[in-house]
Amino acid sequence: MTAEFQTAGFQTVFGSLQDYAKGELEIINDSPKNYAFSNVFDVASRSAAYEKVVVAINLGYVLETLRAEGTSPWFAASHDEFAIVMDGEVEVELVKLEAPAAPASKRGTVQLSGAPVGRRMGHVKCKRGHQVLLPQGAAYRFKAARPGVILLQTIEGELSKQKWREICYT
Amino acid sequence: MSALDVVASPASNETGYRSFQLGSFSFSRDEYFVRVGWEANGQQLSHKMSADAFLRAVMRDVAWGFFYGWVNFDAMIGTRNLYGKVEFYAGTYNPAYKERGLDHTETFDSRQIMATFKAMLDDWTNEGFDPFAAPDETSKSWLGKKRGNNRGAIERERQACKRMPGLPGDAELRTDANGYPVNRAFADVSQDEPEIHAEPGFEDELHAFSLFAYLSRSDVTWNPSVSSVLERSLCCPTTEEYILPIKHGNDRVEWFIQLSDELEWQIEDKNTGAPRAKVIMKAGDVAAMPADIRHQGFSKKRSMLLVWENATPELPQLYESGKLKPYPVEF
C-alpha cells in the first residue's frame, strides 16, 4: 500500500452532538469503573447549558465538559484555564478584572454575581478544535448561537459537578 | 567512569554496527535483530527484538526522558524511571523469568543510560529510517548492514510549552514555513484559526489557536507534545498511527481523551502482563488509565489523542505506598 493510495482514502472522524459513537470496554479481569469511561458529546447531550460536568479528575485537577448554548454567566478563576471547543462555534468575551473575583487561595471556576468590573480585553471566535486561554485575572463568558461542546482544563471548584454513575460505563 | 561515558565496541567488520555495554547488560545488533544479554542465577541469558521495534522503543524512551513510570520495550525488557535514576530490566515483569530468578535489574544515573541509548540510536539507525514515523511513512532501511545515519530524525526535540503554544516567548505553532506540513492522514482537517479581536493593549494576553490544525501538522507518532500547562496539570496531545512501540506501565493515573478517529488500548497488569481489559476509544471518549496497569495502543488510521497528565513529583511514591488507590475516582 503506498502513501499516495492512503492519502486519497483518509477521512478524519471528529465527533459532534449530532453525530457521535461511544466506544467500548471489553473487560477481561477488571472493573469497568476503574476506567471511568465516558464521552464528552454524550455528557453534553444530557447537560444543562454551561453545567460543568467533570469527565476526568486527577487529585484536584479536572477536565470538565460544558454544553455551550446561549450566553453563559460570567466566570473567573484565580488561575489560568483552557477551553477546547469540541463541537460548534463559541465566542469567548474577556474582561480584565480590576479586582480579583475570588481570593488567590480559592481553586476552580467561580461565577460572578453580575457584570465584571474592568477593561474589555476583546473577544475570540472559536470553531471546532480551537483552544482558547482563559487567563488568570480575567472574567469570561461564552456565547453559542447553536448547541456546542467545550472541554475545560481547570481545577475542581464549587461549580464542578461529579456524576460518574450517570456518565460512565459501570 | 563518568556518568556520560558510553561503553561501546569498534564497528563490526561484518555488519558495521557497534556493540554496547550498560552495566552488566550487553547490546548488539545485526542485519535484523537486536540482542540484549545478561547474567542471572549463574546463567547467561539473552533476548532478541526486531531491530526496527527496538529502535522505535528506544526512540520514545529518549524523546520522553524515560517518561512516567515503566517503558516496556516488550514483555521482557524496558526501563523504569526513578527520576534522576533509571532502572533497566530484563525479565523482571515476566513471571516465567521472575519466578525462576532469571530476571535482572540494574539502576543507572539517568544521564548515563540516556547517553548510551542516544549512542545506540545514532549508530543503529540507518539513513532513511525514521523511528518516529508510521511504517507507511518511512523506508525499510532499518534492516541490513550499517548505511549512514538519520540524525535529523532522531534528534528532534519534544515540543513542550510553558503555558500555551503561540504565546510570546513560548513554544512555536506549527506551520509550513517552520517545517511542519499537514500530515497526509489529516489532509482533510480544517486549517482555520480562531478569530482573535483584542482591544488595544491586550494583544499579547488574548490568545487562541487551532489545536486540531496544530496536531494535523505533527511529524511524529506516539510522541506527546505539551499544549497547555495549569500548574502540574499538563495536556499532552499526540498523533497515533499503527502500534505504540512500547507498553507504558503507569506510576500514576493518566487520562486519555480521544479527539479524533479510533484507538484500541490493550490493558495488562503492570507487574505480570496478564490481560485485564481492552478500551476501544472513539472521538469524544474519555478514559482513565489506572496506576497499576500497562497499556499499548493500536490505531488503524492516524488519530488525535489528548493525554492528560498530573506531573506532581510525589505521585509515584503515594501510589507505590498504597496511600492513593490506583484508580482515579470511586462511584
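**Reading a two-chain model: a helix, a core and an interface**

Author: Welcome! Let's begin with helix α1 of chain B, residues 51–63. At 1.5 Å a residue, its 13 residues should span 18 Å, and its end C-alpha atoms are 18 Å apart, so the two values agree. Please keep in mind that this is a predicted model.

Reader: How should I read the confidence of such a prediction?

Author: Where pLDDT is low, the coordinates should not be read in detail. In chain B the mean pLDDT is 96, with 99% of the residues at 70 or more. For the complex, the predictor gives an ipTM of 0.96 and a pTM of 0.96.

Reader: Back to the helix, then. Is α1(B) largely enclosed or not, and why?

Author: It is largely enclosed by the rest of the structure, because 11 of the 13 residues of α1(B) are buried. Among them are B:Phe54, B:Leu55, B:Val58 and B:Met59, along with charged residues including B:Asp52 and B:Arg56. Just after α1(B), look for B:Gly65, which takes a positive phi of about 60°.

Reader: What should I look for in a nonpolar core, and which residues have the most contacts inside the largest one?

Author: In soluble globular proteins, nonpolar side chains tend to be buried together. Here the largest nonpolar core has 95 residues, and those with the most contacts inside it are A:Val40, A:Val55, A:Ile150, B:Ile257 and B:Ala287. Strand β11 of chain A, residues 138–155, gives the most to this core, with 10 residues. A second, separate core has 39 residues, including B:Leu55, B:Val71, B:Met76 and B:Val220.

Reader: Which residues does B:Ile257 touch?

Author: Leaving aside residues up to four places away in sequence, B:Ile257 touches A:Leu63 and A:Leu151 in one chain, and B:Val286, B:Leu306 and B:Trp308 in the other.

Reader: What does chain A look like as a whole?

Author: Chain A has three helices and 12 strands. Its C-alpha atoms fill a box of roughly 60 × 40 × 25 Å along the principal axes. Of its 170 residues, 51% are buried.

Reader: How many residues of each chain are in contact across the interface?

Author: There are 61 residues of chain A in contact with 61 residues of chain B. On the chain A side, strand β9, residues 118–126, gives the most, with seven residues. That side divides into 33 nonpolar, 18 polar and 10 charged residues.

Reader: Which strands pair between the chains, and in which direction do they run?

Author: Strand β1 of chain A, residues 24–27, and strand β17 of chain B, residues 275–282, run antiparallel and are joined by four bridges. To find the spot, look for A:Glu26, which stands opposite B:Lys278 in β17(B).

Methods
Residues are numbered from 1 along each chain as its sequence is written. Chains are lettered from A and ligands numbered from 1 in the order in which they are written. This is a predicted model: local features need pLDDT of at least 70, side-chain atom pairs count only at pLDDT 80 or more; totals for chains, interfaces and linings use all residues. Two residues are in contact if their C-beta atoms, placed from the backbone, lie within 7 Å. Helices (H or I, at least four residues) and strands (E, at least two) are DSSP runs, numbered from the N terminus. Two strands pair if DSSP finds at least two bridges between them. pLDDT is the predictor's confidence in each residue, from 0 to 100. A residue is buried if 20 or more other C-beta atoms lie within 10 Å of its own, exposed if 12 or fewer, and partly exposed in between; C-beta atoms are placed from the backbone. The expected span of a helix is 1.5 Å times one less than its number of residues. A nonpolar core is a set of buried Ala, Val, Leu, Ile, Met, Phe, Trp, Tyr and Cys residues joined through C-beta atoms within 7 Å.
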